[in-house]
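Work through these exercises with the sequence and the model side by side. Try each task before reading its solution.

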Amino acid sequence: MSTPFTPAEVRHAVELLASRSLIRLVTEIDDNGAIPPRRLAGTLPDLSTRQLRSASDTARAHGLIRVAPGAGLELTQGGTELADLYDAMARWARRHAVPAPVCEFSRRIRHVLDLLAPSLTTEHADGLAPLSAPRLTSAGDAADLARPRTLLIQWLAGNPQMARVPETEPVA
């Protein structure tokens with residue numbers, strides 16, 4: 001299964017999905033349930049107010065979270081599927097000890113997204129693009145990366161708004 005994306009769409013999707021604050025917000029809600037908006041800063045104290053606002057605005061704008069009356073911020077179906085995708089990527093990264101044997105969850109996600117990005121463009125729609133040798137240690141690692149790639153493509157196909165590059169206004 002392949003859904004070709006332009007390089008700009010891939011860059012945009014990877015930047016959104018690899019955002020540390022978005023990863024923290026989605027996984028926190030997935031792990032612990034809805035968060036009342038007023039408790040967001042206390043729940044994620046490592047994120048600044050600006051980061052929290054940006055993550056929640058981005059997640060709402062892209063249909064990943066919603067405000068449930070009486071409960072707070074909760075994941076939508078797309079948000080739940082994204083949390084599952086993040087878990088699959090982190091499992092792959094841990095199994096292959098990348099980018100380091102011990103590192104933060106969001107850093108693992110970023111690393112896997114960076115590895116997958118070249119294979120998602122229209123130029124490489126038939127499969128995994130050649131990945132640089134220093135990034136993956138063996139052909140087995142690249143083959144094993146096919147599952148997270150497939151899951152990412154399926155998720156992006158179901159959530160195309162994540163790859164849509166915002167149009168810039170012409171400069172007068």
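**Exercise 1. Compare the expected span of helix α8 with the distance between its end C-alpha atoms.**

Step 1. Take the element: α8 covers residues 146–158, which is 13 residues. Helices here are DSSP runs of H or I with at least four residues, strands are runs of E with at least two, and both are numbered from the N terminus.
Step 2. Get the expected span, which is 1.5 Å times one less than the number of residues. For α8 that gives 18 Å.
Step 3. Compare: the end C-alpha atoms are 18 Å apart, so the two values agree.

This is a predicted model, in which local features need pLDDT of at least 70 and side-chain atom pairs count only at pLDDT 80 or more, while totals for chains, interfaces and linings use all residues. Residues are numbered from 1 along each chain as its sequence is written, and side-chain values use heavy atoms, with hydrogens and water left out.

**Exercise 2. Which residues of α8 are buried, and which are exposed?**

Step 1. Apply the cut-offs: buried is under 20% relative accessible area, exposed is over 50%, and partly exposed lies in between (1.4 Å probe, protein chains only).
Step 2. List the buried residues of α8: Pro148, Arg149, Leu152, Ile153, Trp155 and Leu156.
Step 3. Place them: they cover an arc of only 165° around the axis, so they sit on the same side of α8. The arc is taken from the directions from the helix axis to the C-beta atoms.
Step 4. Turn to the other side of α8, where Arg147 and Gly158 are exposed.

**Exercise 3. Describe how α2 packs on α5.**

Step 1. Choose the descriptors. Two packed helices are described by the angle between their axes and the distance between the axes.
Step 2. Read the values: α2 (residues 20–32) and α5 (residues 77–95) pack at about 105°, with axes 9 Å apart. Axes are lines fitted to C-alpha atoms, for helices over the stretch in contact, and angles run from 0 to 180 degrees between N-to-C directions.
Step 3. Classify: α2 is therefore roughly perpendicular to α5. The classes are roughly parallel under 35 degrees, roughly antiparallel over 145, roughly perpendicular from 65 to 115, and oblique for the rest.
Step 4. Name the partners: Leu22, Ile23, Val26, Thr27 and Asp30 of α2 meet Gly79, Leu82, Ala83, Tyr86 and Asp87 of α5. Contact means heavy atoms within 4.5 Å.

**Exercise 4. What does α1 pack against, and how does it lie on α6?**

Step 1. Find the buried residues of α1 (residues 7–17): Val10, His12, Ala13, Val14, Leu16 and Leu17.
Step 2. Trace their partners: α2, α4 (49–61), α5, α6 (105–116) and α8.
Step 3. Take α6: α1 packs on it at about 170°, with axes 10 Å apart. The pair is therefore roughly antiparallel.
Step 4. Name the residues: Val14, Glu15 and Leu17 of α1 contact Ile109, Arg110, Leu113 and Asp114 of α6.

**Exercise 5. Where is Thr76, and is it buried or exposed?**

Step 1. Locate Thr76 in the loop between β2 (72–75) and α5.
Step 2. Check accessibility: Thr76 is at 12%, so it counts as buried.
Step 3. Leave aside neighbours within four places in sequence; Thr76 then contacts Gly63, Leu64, Ile65 and Arg66.

**Exercise 6. Inspect the backbone at Ala97 and Pro99.**

Step 1. Both Ala97 and Pro99 are in the loop between α5 and α6.
Step 2. Ala97 has a positive phi, near 55°, though it is not glycine.
Step 3. The Val98 to Pro99 peptide bond is cis, with omega near 0°.
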